[in-house]
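Work through the exercises below with the structure open. Each task is followed by a solution in steps.

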Amino acid sequence: MEEKPTDKLTPFDKLISSSDLQLMKLIIPYTPLSNQHILAIFVRFLELHRTINFFQHSQQNIHTQTFEKSFSSPLDIVDEIRPYLSEEEKNSLDSILNVFNMMQMLQAMAKMTSQNDEQSDTAAFDPKDMVKEMLTPEQQEMFQMYSTMFQENNNSNNEKGEH
């Protein structure tokens, strides 16, 4: 199946863009070099103008791709951005998500072990440390960022009484 140029537009771009603007962007490389910058700036100006008009004349809030979902977890964001990632970025993201799944299983096992052996003098087992050691430095950084996002989301849900 052939990918259309509009397939990679974000939901926001689809709201403010038009086929005319997309065509203008496509012809920029074919215009004389001396006019390319003027055409590029003009296209961006039109997009900015449409964005301003959208927010001035619309009561609609911008939500997700379907414009109906509500945010419930960082995984929702991951699902929304996934179509716009390169294969390499998708693979890295999948690796991080697999690590998180493994970490959750290890935490559940650690919790069960600590409940069975509350009198133990050993230090608490933190599966996050074990998992991080298996990652590259770039993946560790991404892992830490997502870990913080998930922790903040869990804390927020616990404060609201959700589980």
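**Exercise 1.** Identify the residues that make the nonpolar surface patch of about 470 Å², and classify tyrosine 30 as buried or exposed.

Solution. In this predicted model, the patch is made by Leu23, Leu26, Ile27 and Tyr30. Next, locate the tyrosine: tyrosine 30 sits in the loop between helix H2 (19–27) and helix H3 (33–57). Its relative accessibility is 72%, and the cut-off for exposed is over 50%, so tyrosine 30 counts as exposed.

**Exercise 2.** Assign valine 43 to an element, classify its burial and list what it touches, not counting residues up to four places away in sequence.

Solution. Step one: valine 43 belongs to helix H3. Step two: the relative accessible area of valine 43 is 1%, and buried means under 20%, so this residue is buried. Step three: with residues up to four places away in sequence left out, valine 43 touches Leu21, Met24 and Lys25. Step four, a distance check: serine 17 is 26 residues from valine 43 in sequence, and their C-alpha atoms are 9.9 Å apart.

**Exercise 3.** Determine which helix supplies the largest share of the largest nonpolar core, and which core members touch the most other members.

Solution. The core has 14 residues, of which Leu93, Phe100, Val131, Phe143 and Tyr146 touch the most other members. H5 and helix H7 (137–159) each supply at least two residues of this core. The largest share, seven residues, comes from H5. Take valine 131 as a case: beyond four places in sequence, valine 131 touches Val99, Met103, Leu106 and Phe143. As background, nonpolar side chains in soluble globular proteins tend to be buried together.

**Exercise 4.** Decide whether lysine 90 is buried or exposed, and name its contacts, not counting residues up to four places away in sequence.

Solution. Lysine 90 lies in helix H5 (residues 87–116). Its relative accessible area is 18%; this value is under 20%, so lysine 90 is buried. Leaving out residues up to four places away in sequence, lysine 90 touches Arg82 and Leu85.

**Exercise 5.** Classify the ring pair of phenylalanine 54 and phenylalanine 55, and compare the burial of the two residues.

Solution. A search of the whole structure finds two aromatic pairs. In the pair of phenylalanine 54 and phenylalanine 55, the centres are 5.1 Å apart and the planes make an angle of 85°. Over 60 degrees counts as edge-to-face, so the pair gets that label. Phenylalanine 54 is buried at 13% relative accessible area, whereas phenylalanine 55 is partly exposed at 46%. Finally, ring pairs link Phe12, Phe54 and Phe55 into a cluster.

Note on methods:
Residues numbered from 1 in each chain as written. Predicted model: local features only at pLDDT ≥ 70, side-chain atom pairs only at ≥ 80, totals over all residues. Heavy atoms only, no water. Buried < 20%, exposed > 50% of the residue type's maximum accessible area, 1.4 Å probe, protein only. Contact = heavy atoms within 4.5 Å. Patch = residues over 30% accessible without salt bridge, like charges linked within 9 Å, V, L, I, M, F, W, Y side chains within 5 Å. Areas by Shrake-Rupley, 256 points an atom, 1.4 Å probe, with all protein chains shown as cover. Salt bridge = Lys/Arg side-chain N within 4 Å of Asp/Glu carboxyl O. Core = buried A, V, L, I, M, F, W, Y, C linked by side-chain atoms within 4.5 Å. Phe/Tyr/Trp six-rings, centres within 6.5 Å; stacked < 30°, edge-to-face > 60°.
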